[in-house]
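This briefing is meant for a reader who is meeting the structure for the first time. It opens with a few lead sentences and then turns to bullet points grouped by topic.

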Amino acid sequence: PADLSLRNLRIAIDAGHGGGNTGTYGPTGSSEKELALAVSLKLRQALQLQGAKVLMTRITERFVDNKDRILLYRDSMPDLLVSIHFNSSADPIYTGGTSTYYRHIGFRNLSRDIYKRMLELGLKEYGNTGSFNFMLNSPIEYPNALVEVLFLSNPEEEMLILEEDFQQKVVDKIVLGIKDFLAGCKEEN
């Protein structure tokens, strides 16, 4: 788009998992599919307050096939896509942190800018990983990034994300990361 301010963009938010595709669970039984939806709905609200038009994979707790997710976004052509997930590890004590993922090198800046902002939350570094083979990262028509907010399997991190205030802080950092990406695009033009 000629104008790279949020108020002129169509941003897609993918709330990972849903329905029978539960994702992971935290030690207290918290569910990735429910937390991904909660954070995604808060992200939608934050972006709409900035004037962005927001497309959502799902706004309720339901299953949406990944192929249908891709078709939805290819048909609607967002300016960028952010997919929200939570990570898990067999080592719940020592493994933790935030990470972002991209597939195509041209979209590295979006995931990197979100990642840098997520680290401001005090989460450990788990990395910004490229060539990531996730279906929603495969389209080349629009920049896209997958955000693994934190490790739901880590008891300390699970406690953080269960707090509404921390969920909002996560959302605020993702919005800032998107703005950083857009500012970088302006500089390139």
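Tyrosine 101 is buried in this predicted model, where its relative accessible area comes to 8%. In strand 6, the residue that serves as bridge partner of tyrosine 101 is leucine 146. Both Tyr101 and Leu146 also appear among the members of a core of 9 residues, a grouping that is taken up again below.

**Aromatic pairs**

- Across the whole structure, a search finds 2 aromatic pairs.
- One of them is formed by tyrosine 101 and phenylalanine 132, which are tilted with respect to each other, with 4.3 Å from centre to centre and 40° between the planes.
- Because tyrosine 101 belongs to strand 4 (residues 98-101) while phenylalanine 132 sits in the loop between strand 5 (125-129) and strand 6 (144-151), this pair ties together parts that are 31 residues apart in sequence.
- Phenylalanine 132 counts as partly exposed, since its relative accessibility is 27%, whereas tyrosine 101 is buried.
- The rings of tyrosine 126 and phenylalanine 151 make an edge-to-face pair, because their planes stand at 75°, with the centres 4.8 Å apart.
- This pair also links distant parts of the chain, as tyrosine 126 is in strand 5 and phenylalanine 151 is in strand 6, 25 residues apart.
- Tyrosine 126 is partly exposed at a relative accessible area of 41%, while phenylalanine 151 is buried at 1%.

**Strand 6 and its partners**

- Strand 6 is largely enclosed by the rest of the structure, because 8 of its 8 residues are buried.
- Strand 3 is joined to strand 6 by 6 bridges, and the two run parallel; histidine 85 stands opposite glutamate 148 of strand 6.
- Strand 4 is joined to strand 6 by 3 bridges, and here the two run antiparallel.

**Nonpolar cores**

- The largest nonpolar core holds 38 residues, of which Leu47, Ile84, Phe86, Ile161 and Ile178 touch the most other members.
- Two or more residues of this core come from each of strand 1 (10-15), helix 1, strand 2 (53-56), strand 3, helix 3, strand 6 and helix 5, and helix 5 gives the most, with 9 residues.
- Apart from this core lies another one, of 9 residues, which includes Ala12 and Leu81 as well as Tyr101 and Leu146.
- Isoleucine 84, when residues up to four places away in sequence are not counted, touches a set of residues that includes Ile13, Ala36, Val39, Leu43, Val147, Val149 and Ile174.

**Helix 3 and helix 1**

- Helix 3 (residues 108-119) has 12 residues and spans 16 Å from its first C-alpha to its last, which is close to the 16 Å expected at 1.5 Å a residue.
- The buried residues of helix 3 are Leu110, Ser111, Asp113, Ile114, Tyr115 and Met118, and what covers them includes strand 3 (80-87), strand 4, strand 5, strand 6 and helix 5 (164-188).
- Lysine 42 lies in helix 1 (residues 32-49), and lysine 42 counts as buried because its relative accessibility is 16%, where the limit for buried is under 20%.
- Leaving aside neighbours within four places in sequence, lysine 42 is in contact with Glu164, Gln167, Gln168 and Val171.

**Salt bridges**

- A search of the whole structure finds 10 salt bridges.
- Arginine 112 and aspartate 113 meet through their side chains in one of these, at 2.9 Å from N to O; arginine 112 counts as partly exposed at 30% relative accessibility, whereas aspartate 113 is buried at 8%.
- Arg117, Glu120, Lys173 and Asp180 are joined into one network by salt bridges that share partners.
- The side chains of glutamate 61 and arginine 58 form a salt bridge of 3.5 Å, N to O, in which glutamate 61 is partly exposed with a relative accessible area of 35% and arginine 58 is buried with 1%.
- Arginine 7 forms a salt bridge with aspartate 3, their closest N and O atoms being 3.9 Å apart; arginine 7 counts as exposed at 53% relative accessibility, and aspartate 3 as partly exposed at 34%.

How values were computed:
Residues are numbered from 1 along each chain as its sequence is written. This is a predicted model: local features need pLDDT of at least 70, side-chain atom pairs count only at pLDDT 80 or more; totals for chains, interfaces and linings use all residues. Side-chain values use heavy atoms; hydrogens and water are left out. Helices (H or I, at least four residues) and strands (E, at least two) are DSSP runs, numbered from the N terminus. Buried means under 20% relative accessible area, exposed over 50%, partly exposed in between (1.4 Å probe, protein chains only). Contact means heavy atoms within 4.5 Å. Rings of Phe, Tyr and Trp (its six-membered ring) pair if their centres lie within 6.5 Å; planes under 30 degrees apart count as stacked, over 60 as edge-to-face and the rest as tilted. The expected span of a helix is 1.5 Å times one less than its number of residues. A nonpolar core is a set of buried Ala, Val, Leu, Ile, Met, Phe, Trp, Tyr and Cys residues joined through side-chain atoms within 4.5 Å. A salt bridge is a side-chain nitrogen of Lys or Arg within 4 Å of a carboxyl oxygen of Asp or Glu. Two strands pair if DSSP finds at least two bridges between them.
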